[in-house]
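The following paragraphs lead the reader through a single protein chain. They turn to its pockets, then to a helix pair, and finally to the annotated spans.

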Amino acid sequence: MEWISLLSLWLIPLIIAFILIYGTFKKVQTYEAFVEGGKEGIEISFSIIPYLVGMLVAITIFRASGALDFLLDLIKPALSIIGVPSDIVPLAFIRPISGTAALGMTTDLISSNGPDSFIGRLAAVMQGSTDTTLYILTVYFGAVGIRKMGDALKVGLLADLIGVIASIVVVSLLFP
């Protein structure tokens with residue numbers, strides 16, 4: 001196990017050194033290329049800011065308005081009939097919207113129910129089986145200037161739904 005710590009300590013510096021040596025060998029002006037890449041990174045960061053602010057405002061309004069709670073109250077009875085714990089439902093809804101909020105919910109679920117509980121395992125598997133679809137669309141599509149993202153949104157949310165369903169089925173089968 002000590003070699004893993006040593007490898008993790010030296011891996012990134014070795015990769016950077018390899019890239020610099022390879023670039024120099026290929027007669028690339030590595031410092032100038034690095035500076036140009038830094039400029040492009042800053043430009044992209046500034047171009048993404050409006051999309052991030054818009055997404056954060058929308059998430060805040062959605063949660064503060066009570067719309068999330070209203071939606072959860074509508075769905076909880078139906079899910080309890082099929083055996084889905086109501087504690088996990090907010091995580092399933094918030095995960096495609098905000099990774100940070102979902103991680104906080106997962107932490108709370110695991111802290112209150114225990115890591116070996118059904119809900120703790122389900123929260124962990126759901127966290128790993130779904131993605132932050134709206135964040136991905138906002139940041140990556142905004143960075144390259146894609147305006148029409150309807151189909152990508154539908155497919156992303158469908159993939160999240162499948163991830164939630166698969167999480168419930170797998171955890172139910174493996175940890176009854």
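**Pockets, a helix pair and annotated spans**

In this predicted model, helices α1 (2-25) and α2 (30-64) each supply at least two residues of the lining of the second largest pocket. The space in this second largest pocket amounts to about 210 Å³. Its lining consists of Ile16, Ile19, Leu20, Gly23, Val28, Thr30, Tyr31, Ala33 and Phe34. By class, seven of these lining residues are nonpolar and two are polar, while no charged residue takes part.

The largest pocket holds about 440 Å³ of space. It is lined by 21 residues, and those closest to its centre are Val89, Ala92, Phe93, Leu161 and Val164. Three elements give two or more residues to this lining, namely α3 (67-81), α4 (89-94) and α8. Among the contributors, α8 gives the most, with seven residues. The lining of the largest pocket comprises 20 nonpolar residues and one charged residue, with no polar residue.

Helix α8 also takes part in a helix pair. The axes of α7 (residues 133-144) and α8 (residues 150-174) come within 9 Å and cross at roughly 150 degrees. The crossing of α7 past α8 is right-handed. On the α7 side the contact is made by Thr133, Leu134, Leu137 and Phe141, and on the α8 side by Ala152, Leu153, Gly156, Leu157 and Asp160. Six of the residues in this contact are nonpolar, two are polar and one is charged.

Where does the record place transmembrane regions in this chain? The unreviewed UniProt entry annotates residues 6-25, 46-64, 118-143 and 155-175 as "transmembrane region". Two of these spans can be set against the model's secondary structure. Residues 6-25 are 100% helix and 0% strand, and the C-alpha atoms at the two ends of this span are 28 Å apart. The span of residues 155-175 is 95% helix and 0% strand, with its end C-alpha atoms 29 Å apart.

Taken together, these descriptions return repeatedly to one element. Helix α8, which covers residues 150-174, contributes seven residues to the lining of the largest pocket. The same helix, α8, meets α7 through residues including Leu153, Leu157 and Asp160.

Technical notes:
Residues are numbered from 1 along each chain as its sequence is written. This is a predicted model: local features need pLDDT of at least 70, side-chain atom pairs count only at pLDDT 80 or more; totals for chains, interfaces and linings use all residues. Side-chain values use heavy atoms; hydrogens and water are left out. Axes are lines fitted to C-alpha atoms, for helices over the stretch in contact, and angles run from 0 to 180 degrees between N-to-C directions. Helices (H or I, at least four residues) and strands (E, at least two) are DSSP runs, numbered from the N terminus. A crossing is left-handed if the near helix is turned anticlockwise from the far one by less than a right angle, and right-handed if clockwise. Contact means heavy atoms within 4.5 Å. Ala, Val, Leu, Ile, Met, Phe, Trp, Tyr, Cys and Pro count as nonpolar, Asp, Glu, Lys and Arg as charged, and the others, Gly among them, as polar. On a 1 Å grid over the protein atoms alone, a cavity is a set of points where a 1.4 Å probe fits but cannot get out, and a pocket is an open set with protein on both sides within 12 Å along at least five of seven lines; lining residues have an atom within 4 Å of a point. Grid points are joined across faces, edges and corners, and a volume is the space filled by probe spheres set on the points. UniProt positions are given in the numbering used here, feature names are shortened, and annotations may be inferred rather than shown by experiment.
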